[in-house]
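Reader: I would like a close look at one part of this chain, with the rest brought in where it helps. Please keep it plain and give the cut-offs behind each term.

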Amino acid sequence: MPSVNENDDIVNKLKMSTITDDIIIQPSVDDLPYEEDVSKNPYSVNGWLRYLEFKQGSPQKQRNYIYERAIRELPRSYKIWHQYLLERTLAIRGKCILDNSFEAVNTLFERSLVFLDKMPRIWIEYCEFLMIQEKITLTRKTFDRALIALPVTQHYRIWNEYTKFILKKSIPSLTCIRVYKRYLKIQPEKVEEYIEYLIKIKEWQEVVNQLIKILDNIKFKSIKGKSRHDHWLQLCDILSSHPKQITGVDIDSVIRSGINKFTDHIGKLWCYLSDYYIQLAQFEKARDIFEEALNSVGTARDFSFIWESYTQFEDSLIAAKQEILEEDPSEDNLLEFDIMIERYENLIQRQPLLLNSVLLKQNPNNVQEWLKRVSLYSEPTPNVKMIIQTFTDSIKSIDPQHAKGKLSTLYSTFAHFYEQNNKLSQARLIFENSLSVNFKTVDDLSTLYCDYAEMELKHRNYEKAIDILKRGTVSPKKQNTIIEENEPVQKRLFKSIKIWTFYVDLEESFGTFHNTKSIYEKMIQLKVVTPQIILNFAKYLEENKYFEDMFKAYEHGVQLFPFPHVQDIWITYLTKFIQRYAGMKLERTRDLFEQVLSKVPPKESIIFYLMYANFEEQYGLARHSMAVYDRAAKSVDKEDSFKMYLLYIHRASEFFGVNQTREIFSKAIEQLPDQYVRDMCLKFADMEKKYGEIDRARSIYIHGSQFSDPRTSMFYWNTWSDFEKLHGNEDTFKEMLRIRRSVQASYITQNPTLALLNKLNNKDDKNQQQKQQQQQQQQQQQQQKQASTIQSKPVTVSLPEAIQYNKKIENDDEINLDENEEEEEEDQPTIKAFPKTLFENNV
């Protein structure tokens, strides 16, 4: 530490030398260490910064004095200068810009730039400070000085602030334009921002010049993501909206070049061109442009855009003329107004035709649009000349191989148009010419032949109609087994079912039997038939008493078609054969049934088995019928096997009695799916119960229990329970309950998921379960008393003749032993096999 005398000497020196702006700064005793530091190291930036940090709470004048001493020693220190300038600018914040302190700060910035002219941050802060003072000229010159002083690599930092400055409202537009042009020489990609500014200040001529430069520069890439087409639309919009402010540009040719160059949004460009002439008050020229546009566009979207602009233009003219009429209702004005109204109405009437023309330009092969055009000329009064012209143009324009829609409809409509006007020869000529057209499909050509023949029928030319269809059905001498699609449709026409069916119908109505029969045979030979045609042919032969030929037709049909299409033919064939010969040709009939049963799939075979069995019952032997039923039960679909066994059992009981049905029941239980065994066991047991075979019925119930889950098959167990109440005793009833528990346990073991769900359901219904348990305990006491009164012998009761299986039998003395009763644990019994002795012939 310095001595007191040395400190006094330093203070005295500072008192004599610290005079700035006529102000004497006297440092305090606390400042002495810092003063000593900066005195010893006047070129240390950190020493001055520490001193300034210590004097942070001192008045601004004292700090300014320290800053001045620092920059006197270190004139090129960026840190000191920047901190000094920042404090001076913050100190005058909020003061009026006319205050002298602003000029002092400006002078300070100028002093700093003498030494720090390569520091862009100083230039930027100086310019921002000048912008606050609204000194436009000084600010602009300062920016220019900054650009001159700084290297090019740092110009972008200056230009960012420079562009913000020139975009202010207070800056004259001429100044801004000149500055921006300089800016574009450095960064030409910013031209779109320049254009936005020009549009904002409405400098349309400069906007057009810049857009033209952009369009001329093929390599230009937009920073805003705009395409070349977008710039074209923008240019055309400006040209059409402000034609009077733009000179030196042929606006009409510019917009038309855009129309020829681009295919998208052509409607907008046409509207821009018409708006250009509307702005120049050349309304007739604008109307011509609209008409040209409506006749030249190729899409419905562009048409609708132009149509809306055109109608709005006409509406505005009519509205303006009405205002003129209110002021001056002269004859000339009235005449012009009437012409405008008539022109507008004509335009509205032409709209469907104009739109149709656009759609036809888009796709000249659209048949429906050509027919729509014909209908437009037909209403309200037919324009015969234009209708014929439309038909002619459509035939010339449409490519048959690329036609959209049925081209045959167009030719038929054209021919019927002449027919309706009593020009039958012209209609025939149209049809004859259409028959040689290479259509895309055979159906088109066959439709034309049919329409041609129908026209002749309408005029009672029956022979001519038959000749037309005969021409269409002529088959080539050498028929290819494989018909290629690229062959003309005329060579494939003989395979058309439509024309053959029409031909045979006409021959059947107006021709001879032999001709009709030969046509049917030709169709079968060419395999252009359907099952219905075979049935029609057979019916026709039957009506004319040609029965053997009818059966031959059926034989051809069953050979041509597979199942399921041939099913109706087989059914009709067998029905007609049985009706014709009954039992006279048993072996032939059986051969027919065997033939169909060898081909029919199991799902559709039941009807043929039933027909076969019925035939044997009526004309054959009963055992043959039973054999058919037995085959049917094994061969039909699983879903139909249960019904077939029931029918088999019913018919067997009628012919052979109970013994035969027991054997059938046994086969049914062995062969049926598990879901049907339970019902079959119930019916078997019911039959045995009818005839008093109680033990047999109980054995059947025991056998069927293995297929009956007590949780889902309640009807089965209720039926067995009712049986034991009527015919059993306490031991048999307990045995039934034991079997029920064992079966239920086996099903739970097989499906534990279902058991888990039941437990969850039981947890949700605890209250109900407790109530049920209480009721079961009360019933258990009563049942035990009742069970003691039942004798060991079975109870003899009179059985009704027919038992209703779906009706639940209620018994007041019912033995309802609780299933949860504690008993000695027993091993689960194995389900016994179905006893074979039950099916012995002795009752």
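Author: What follows starts with the chain as a whole, turns to the salt bridges around one helix, and ends with a few places elsewhere.

This is a predicted model, in which local features need pLDDT of at least 70 and side-chain atom pairs count only at pLDDT 80 or more, while totals for chains, interfaces and linings use all residues. Residues are numbered from 1 along each chain as its sequence is written, and side-chain values use heavy atoms, with hydrogens and water left out.

The chain has 41 helices and 2 strands. Both are DSSP runs numbered from the N terminus, helices being H or I over at least four residues and strands E over at least two. Of the 843 residues, 42% are buried. Buried means under 20% relative accessible area and exposed means over 50%, with partly exposed in between, using a 1.4 Å probe and protein chains only. About 48000 Å² of the chain is exposed, and 50% of that comes from carbon and sulfur atoms. These areas come from the Shrake-Rupley method with a 1.4 Å probe, and for residues only the protein chains shown count as cover. Contact means heavy atoms within 4.5 Å. Among contacts between residues at least 6 apart in sequence, 58% join residues at least 24 apart.

The part for the close look is helix α6, which spans residues 100-115. Side chains of opposite charge can pair when their charged atoms come close. The rule used here for a salt bridge is a side-chain nitrogen of Lys or Arg within 4 Å of a carboxyl oxygen of Asp or Glu. By that rule the count comes to 37 salt bridges.

One of them joins R111 to E68, with N and O 2.9 Å apart. R111 lies in helix α6 and E68 in helix α4 (residues 60-73), so this pair ties together parts that are 43 residues apart in sequence. R111 is partly exposed at 35% relative accessibility, whereas E68 counts as buried at 16%.

A salt bridge also links K135 and E103, and their closest N and O atoms are 2.4 Å apart. Here E103 sits in helix α6 and K135 in the loop between α7 (120-132) and α8 (136-149), so the pair ties together parts that are 32 residues apart in sequence. K135 has a relative accessible area of 24% and is partly exposed. E103 is partly exposed as well, with 40%.

Helix α8 holds T142, which counts as buried at 0% relative accessibility. Leaving out residues up to four places away in sequence, T142 touches W123, Y126, C127 and L130. T142 and L130 are 12 residues apart in sequence, and their C-alpha atoms are 8.8 Å apart in space. A network of salt bridges links R140, D144 and R182.

On the surface, I97, L98 and I132 form a nonpolar patch with about 330 Å² of accessible area together. L98 is in the loop between α5 (78-91) and α6, and its relative accessible area of 73% makes it exposed. Patches are made of residues with over 30% relative accessible area and no salt bridge; nonpolar side chains (Val, Leu, Ile, Met, Phe, Trp, Tyr) are joined within 5 Å and like charges within 9 Å.

A negative patch is formed elsewhere by E323, E326, E327 and D328. Lys and Arg count as positive and Asp and Glu as negative, with His and the chain ends not counted. The place of a charge is taken as NZ of Lys, CZ of Arg, CG of Asp or CD of Glu. D328 lies in the loop between α17 (300-327) and α18 (331-362) and is partly exposed, at 42%.

Another salt bridge, between E693 and R696, has N and O 3.4 Å apart; both E693 and R696 are buried.

Last, some backbone values. Most residues other than glycine have a negative phi, and most peptide bonds are trans. K202 has a positive phi near 65°; K202 is in the loop between α11 (191-201) and α12 (204-216) and is exposed at 58%. N422 also has a positive phi, near 60°, and lies in the loop between α21 (407-420) and α22 (424-434). The peptide bond from F563 to P564 is cis, with omega near 5°, and P564 is in the loop between α29 (547-560) and α30 (567-581).
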